[in-house]
Amino acid sequence: MEENQKSDQPEANEPQEVTAELPPPVKERLLKRTALWFLAVILAASAMIYQRATGPTYPMKVPVAGNIIAKLIRTHESTDDATVELPIPQAEAKTATATLYYKRYRTDDDFTPVTMETVTSESGTQFEGALPKQPAAGKLQYYIEAEISGQARRFPEQADQFVLIRFKDPVPDGVLIPHVTLMIISILLGMRSGLSALFAPYNMKQLAWATLCGMTVGGMILGPMVQKYAFGEYWTGFPLGGDWTDNKMLFMFLAWVFACSVVGLNPRKKNTTTGRIAVFTATIVMTVCYLIPHSMGGSELDYSQVDKGVDPSKAIETGRK
């Protein structure tokens, strides 16, 4: 009898079988989270790259010869002249010529010619010409006429097309870097929040509130500080002006305020369909805003006011097309 009882009891020192595999529910959740974060990174990066590449401050790329592409600058700091560069084949260094033409934007000024100099370095040969520095928000339009390989060329090619460059005052790195960093984090969290609302809402609230916090600090606090340093005003969007960048930031911020007010703060409260729709809608609003080119309708110096003696800092407008 005792032997039977002993035989029914497991040996205390008998090794137990241990598995290294995660339980299926946990493993599936981990895989889903990883996939959603990966997709969020792809979506956020695509939106930011598209916005930057299509914005009016991104360099205009024009073909020169073969695989040589010129990047004609469209933004510069107001502290010094802006150097326009036009790379050319090294074989043309002694025979090619180029002239840079510029004028103040939205004025009846004549174009001023500037003979470009040939500069040769280890990276190659290029023409260089200087555009005179302008006050903050001042814009110049310019083009280049050149003779390369015996052919007359114009950059940009079309006779009615020009490159537009806007000047801005320097922004301290201590303000600019946190602003850019928080905006990158915010769009990443925003994309992840939308995906969570669609496929895995268990941490949707935390993600939505983290997005709103990033938007608040990066966009609504540091954003106006960047604007102040660059163009002299904290806010040039609605209702004070027509700056598209400020207005986009306002729309995104309000969308996330609404979404977070719907889902609430209590993490234990069950997610509702209404809350998921609100978060996903905020993500859509964010995506649409990022598809609008950056800096459109931004600060612009009105030279007609400057010519009348108005201080340049008081002659800046927004929302002009």
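Rings of Phe, Tyr and Trp (its six-membered ring) form a pair if their centres lie within 6.5 Å; planes over 60 degrees apart make the pair edge-to-face. Keep that rule at hand for the exercises below, and remember that this is a predicted model.

**Exercise 1. Sort out the aromatic rings**

Task: How many aromatic pairs does a search of the whole structure find, and what kind of pair do Phe 111 and Tyr 143 make?

Solution:

Step 1. The search of the whole structure gives four aromatic pairs. For the rings of Phe 111 and Tyr 143, the centres are 5.3 Å apart and the planes stand at 75°, so this pair is edge-to-face.

Step 2. Now place the two partners on the chain. Phe 111 is in the loop between β5 (97-104) and β6 (112-115), while Tyr 143 belongs to strand β9 (residues 139-148); the pair links distant parts of the chain, 32 residues apart.

Step 3. Check how well each residue is covered. Tyr 143 has a relative accessible area of 11% and is therefore buried, the cut-off for buried being under 20%. Phe 111, at 27% relative accessibility, counts as partly exposed.

Step 4. Tyr 143 has another partner to look at. Its ring and that of Phe 162 have centres 5.8 Å apart and planes at 65°, so this pair is edge-to-face. Phe 162 sits in the loop between β10 (151-155) and β11 (163-168) and Tyr 143 in strand β9, so the contact ties together parts that are 19 residues apart in sequence. With a relative accessible area of 28%, Phe 162 is partly exposed.

Step 5. Put the rings together: one aromatic cluster is formed by Tyr 101, Phe 111, Tyr 143 and Phe 162.

**Exercise 2. Find the charges over rings**

Task: Which charged residue sits over the ring of Phe 162, and which sits over the ring of Trp 37?

Solution:

Step 1. Start from Phe 162, a member of the aromatic cluster. The charged end of Arg 154 sits over its ring, 5.3 Å from the centre.

Step 2. Move to Trp 37, found in helix α2 (residues 24-54). Over its ring sits the charged end of Arg 192, at 5.1 Å from the ring centre.

Step 3. Add the surroundings of Trp 37. This residue is partly exposed, at 30% relative accessibility. Its C-alpha atom is separated by 8.6 Å from that of Leu 188, although the two positions lie 151 residues apart along the chain as a sequence separation.

**Exercise 3. Trace the salt bridges**

Task: How many salt bridges are there, and which parts of the chain does the pair of Glu 300 and Arg 106 tie together?

Solution:

Step 1. Side chains of opposite charge can pair when their charged atoms come close. In this model the count comes to four salt bridges.

Step 2. Take Asp 307 and Arg 104, whose closest N and O atoms are 3.0 Å apart. Asp 307 is in helix α7 (residues 303-307) and Arg 104 in strand β5, so their salt bridge ties together parts that are 203 residues apart in sequence. Arg 104 and Asp 307 also belong to a salt-bridge network with Asp 109.

Step 3. Turn to Glu 300, which meets Arg 106 in a salt bridge (2.5 Å, N to O). Glu 300 lies in strand β12 (residues 300-301) and Arg 106 in the loop between β5 and β6, so this pair ties together parts that are 194 residues apart in sequence.

Step 4. Compare the cover of these partners. Glu 300 is buried, at a relative accessible area of 2%, whereas Arg 106 is partly exposed, at 35%.

Step 5. Glu 300 also meets Lys 139 in a salt bridge (3.5 Å, N to O). Lys 139 is in strand β9 and Glu 300 in strand β12, so the pair ties together parts that are 161 residues apart in sequence. Both Lys 139 and Glu 300 are buried.

**Exercise 4. Read a hairpin and a surface patch**

Task: How do strands β1 and β2 run, and which helix gives the most to the nonpolar patch?

Solution:

Step 1. Strand β1 (residues 60-65) and strand β2 (residues 68-72) run antiparallel and are joined by five bridges. Val 62 has Ala 70 in β2 as its bridge partner.

Step 2. The two strands form a hairpin with two residues between them, and Gly 66 in the turn has a positive phi of about 60°.

Step 3. For the patch, list its makers: Leu 198, Phe 199, Phe 280, Ile 284 and Val 288 form a nonpolar surface patch of about 430 Å². Helices α3 (173-199) and α6 (273-290) each supply at least two of its residues, and α6 gives the most, with three.

Definitions and conventions:
Residues are numbered from 1 along each chain as its sequence is written. This is a predicted model: local features need pLDDT of at least 70, side-chain atom pairs count only at pLDDT 80 or more; totals for chains, interfaces and linings use all residues. Side-chain values use heavy atoms; hydrogens and water are left out. Rings of Phe, Tyr and Trp (its six-membered ring) pair if their centres lie within 6.5 Å; planes under 30 degrees apart count as stacked, over 60 as edge-to-face and the rest as tilted. Helices (H or I, at least four residues) and strands (E, at least two) are DSSP runs, numbered from the N terminus. Buried means under 20% relative accessible area, exposed over 50%, partly exposed in between (1.4 Å probe, protein chains only). A charge sits over a ring if NZ of Lys or CZ of Arg is within 6 Å of the ring centre and within 35 degrees of the ring normal. Two strands pair if DSSP finds at least two bridges between them. Patches are made of residues with over 30% relative accessible area and no salt bridge: like charges are joined within 9 Å, nonpolar side chains (Val, Leu, Ile, Met, Phe, Trp, Tyr) within 5 Å. Accessible areas come from the Shrake-Rupley method with a 1.4 Å probe; for residues, only the protein chains shown count as cover. A salt bridge is a side-chain nitrogen of Lys or Arg within 4 Å of a carboxyl oxygen of Asp or Glu.
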